[in-house]
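The following exercises are to be worked through with the sequence and the structure at hand. Each task is followed by its solution in steps.

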Amino acid sequence: MTSNSNQHEEVKKLTGNALTSMLLCPKCIQTTLPNVGDVSNNNEFSWAVTIKCSVCGCQWNVCKECKNSRKSMLTRGQRSQLAAVCDHVADAAVRQHSSKQKAWETKIPTSAAAMRSIYVKGKSALLPNLPRPSVTVVDDHAYMSLKDCVADLLGHGYELDSIEPSVEFSHNPEGAISLISQTVRARRILSNVSKAHQNSSNVLILYITEWSDGFEPASSKGNRNSCWMKTVTIAPPPGLLHSMTHTYPIALGLDGANHEVVEARFAAELEEFRKGINMSFYHGGNKRNVTVYLELFASLQDQPERRSGNFIMLGGSTFTAKWGLACDLAAVASGVPACSNCINALMKSEGDQTISCTKCTNWNTEVTDGLLDFPPLPDFPSEHLPESGKLSPLLLSYDVMKAAVATAHGGFVTRGWSKRTVDSYLRVHGLNKEAIMAIMKCATHCKEYTDAVTLSCTVGGETEMENLHELEKLKETHPELFQQWKFPAIWDRGVLLQQHIDVAMHLIFLGVVKTCIVMVQDWTKLRGKHSAFLRYVKGTLEPIQRLGLDWCRCVPYRTGKLGGWVSENYLGASRLLDWLYSSIDEIASDEVFIQPLRHHSMWNMKENRGWLSIRGLDTQGTAAELKQRVKQLMEQDGGPPEELPPQGGPALNVYNMIIALKSMVSRVMKRSITNTDINDAERHIKLFLTAFESFDHGMRKKDEKPTWITSYNFICLTNLPRLMREFGPLRNLWEGGGQGEKIIGMVKPLWLGYRLNWHKNLLDKLMKRISIDRVQETNARLSIRQTSSTLHKLESINMTLEESESDDEDFEDEECIGITQNKVNGKMAHKYKNIEQALYYFQNRKPVSVVHLLDGRFGCILYDNTMAILSCDDYIETRAGAFYHNWSFVKQSMERIMSNQISDYCLLLPRMTSTGMPTCGNNPEFTLIQSDWMVIQQDKTLAYPRILGASYSSLP
């Protein structure tokens, strides 16, 4: 106690007159004072001290001369905000004195009370009166009407990617598709308009994408009560596809709650739009009312959310490894991968990938030739079993699952099925445990009631009559239990199951790419070279991270655990894996033993150990013991043991998998696609799965299931070609941006805990924040992610939102170059301060940001918008599928460039050595990657990555 008292006294001496409550951490709400070592004088203000929380690391400043409430010193970001507010105030004052237009005048506040009454609170305050959809409470969920969201968006006059009849489509159905409104699915929506509106030429035809998921609302993960949110994005134009301008959060509740009532409300609104009932809205851009027809384009959810929402078993279950298919793939696993003949055909063929084969399905899982027929579960109803005694793969749909529910219900109630029979039948049709339990509950009550009625009529005893009476009382209070299970609202809203698509971010990058990276780590461990591998990759990704390129976001590869990696980091890594792993065969080389020509009795200890090691035998012991062990094995009956393949398979398997992975990803992430592109993507998906199966076969134990089944993202890759044909480029449906998880970053700063009406207040607060930007956007194009308006600053002050500040000071004075043509907003290239800085990174063999001009030249952008020209010289070698050339700076070659001269944004990557990153002593050998997934070829052109040995003729 004495030591604690002394500690508190020392802290109070350092903090002066500051209240004790000001010394407690504002984030983790500690109840103890900080340690003396955590209190230091502020470097900028002599009257303040800086305190650091020993638990969460949070830092804050307090005044030691007065007892006022905690006043944080302004961070760099807050100073910028204050300067922006002052600038807006000055601008408003000038306008009011010089302009004759008084319509948008606002009183400039001169006190805190005036600021609150004018902007924050009060009947006439600006923030409470911002136009936005109203929030209601529906079954313990906050909910916003879809119609209100459409009315709000149209009222602001936003540009829309509406669906219109196109001459191009009618005459060129094979043309390139880049927009959502150009896709096959969009044309299906167009064809449905006539069912609701006789004159469709005057109808504004829109589409929406929906997203939903659970998330942890607090910054700290100590509180595991997750929220659930549902959003809709309404027909965003290409330039705003991944912003937040067209996105509305329409539902918010607890993740573990039943969302059925909310989904039913949303389904009813979708039905009203399809029927065209009272769908006239004011369009701020056209200054008139318009009739709107709207349909759901696609649902963007990760695998767990999508499967649970549709009551389908998870991918790890026996029958639903592949989304949308019911099949026991583990039972027929040997027939799915491509055989040697099909592999040869894939390597040679660039067209349609439908190949007829009697040995395998060539990764096609929808065949009906019997190769994928599988044995049923033991209790499967015999009347539904084909003559062959096996079941065929079943494409799932809402109609298929509805029919299965009706059959199972009738079988149990009237045809004597057991509960196990019902369970077996419904599992084979993909339904999850929650649905099966609900179906059985209803069927059990129906059967009990039917049996009770029969017994009361035939027996008529007192017991039978009492039992019937009890059931009738229960039926009056819970009639839903005495009928077939009511289908979920999501099954009955006029949407196809296939519109719940495999989303690229989770499937490819958080799924397949992540698994491949982890498995390569495991491969190095099997070789006993994991420590050497970690030394090799140390410091490789940091130089790229410091460049800050939006298209190649990297984080350090530390200790191999990938902690803190998110989807954009796996996306960036997928661009770099062939470079990063280019020398992995030198780190963990395949063990080779050349047997000496002399008799084994003459071998030395090293040779005996090598002979035993290559066969996976014990290599421990003295020289004499090893010699005796080799002698016994050499002379045993049947001859010596055979040599084993390298641990984990040969290094070539790693290279083949990585090359195929990058080749596949580059093709499914194209901005614009044709049928030829889709066939090419399908081919490379199959080639990747083949290469991965070869790699995995060397990694897994004899009786283990293939990873392409246990990690079900791999087999779900075969869904992508169909999705591309129906929904267009997959990058248009990226769920990591404005159409999906981006909104979570807006919700978390507003989170105040699970208080009364927390969901309604949080959703209204979020919509208030969004509506501020919409009101201020005079051209209806400003994204929420751009610099916020003055009102946004005032609201931030009112809500005490915390602003984060970057710790990276290395490139504070360096800038990014602008965008060109249809490039996505963001930092596409790095500007170097001067030619000396660019030369420094180049000569020290660091990754270098370069641009490719329309005239074919390469160069680095400098701070003054001049360019230092680089020359791509002699071809050196190919490693892991990447082509390396000698590069050099062209002396005295500097010229000023404009952004419209830039064709491509690129990254020069130095050739890795066996110890990792090269140094200034290594030759200037670099490979080059481009932001749109192309790479440099041996002839110095840019093309999509290619698999060595495969045929390429018609595609770039």
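**Exercise 1.** Classify P924 as buried, partly exposed or exposed, and describe its surroundings in this predicted model.

*Solution.* The relative accessibility of P924 is 22%. Buried means under 20% and exposed means over 50%, so P924 counts as partly exposed. Next, locate the residue: P924 lies in the loop between β19 (902-910) and β20 (925-930). Then consider the contacts of P924, leaving aside neighbours within four places in sequence: these are F842, R845, H885, N886 and W887. Finally, P910 is 14 residues from P924 in sequence, while their C-alpha atoms are 7.2 Å apart.

**Exercise 2.** Determine which residues of helix α9 (residues 340-348) are buried, and how they are arranged around the axis.

*Solution.* The buried residues of α9 are C342, L346 and M347. Because they cover an arc of only 140 degrees around the axis, they are on the same side of α9. An α-helix has 3.6 residues a turn, so residues three or four places apart point the same way. The last step is to find the packing partner: the buried residues of α9 pack against α22 (675-699).

**Exercise 3.** Describe how strand β10 (residues 288-301) is covered and identify strands that pair with β10.

*Solution.* Begin with burial: 11 of the 14 residues of β10 are buried, leaving the strand mostly covered. Strand β6 (residues 203-215) pairs with β10 in the parallel sense over 9 bridges; W211 has L300 as its bridge partner in β10. Strand β9 (residues 280-283) pairs with β10 in the antiparallel sense over 4 bridges, with V290 of β10 as the bridge partner of F281. In the hairpin of β9 and β10, 4 residues lie between the strands, and K287 takes a positive phi near 60 degrees. Strand β13 (residues 500-502) runs parallel to β10, joined by 3 bridges; here S299 stands opposite H500 of β13.

Definitions and conventions:
Residues are numbered from 1 along each chain as its sequence is written. This is a predicted model: local features need pLDDT of at least 70, side-chain atom pairs count only at pLDDT 80 or more; totals for chains, interfaces and linings use all residues. Side-chain values use heavy atoms; hydrogens and water are left out. Helices (H or I, at least four residues) and strands (E, at least two) are DSSP runs, numbered from the N terminus. Buried means under 20% relative accessible area, exposed over 50%, partly exposed in between (1.4 Å probe, protein chains only). Contact means heavy atoms within 4.5 Å. The arc is that of the directions from the helix axis to the C-beta atoms. Two strands pair if DSSP finds at least two bridges between them.
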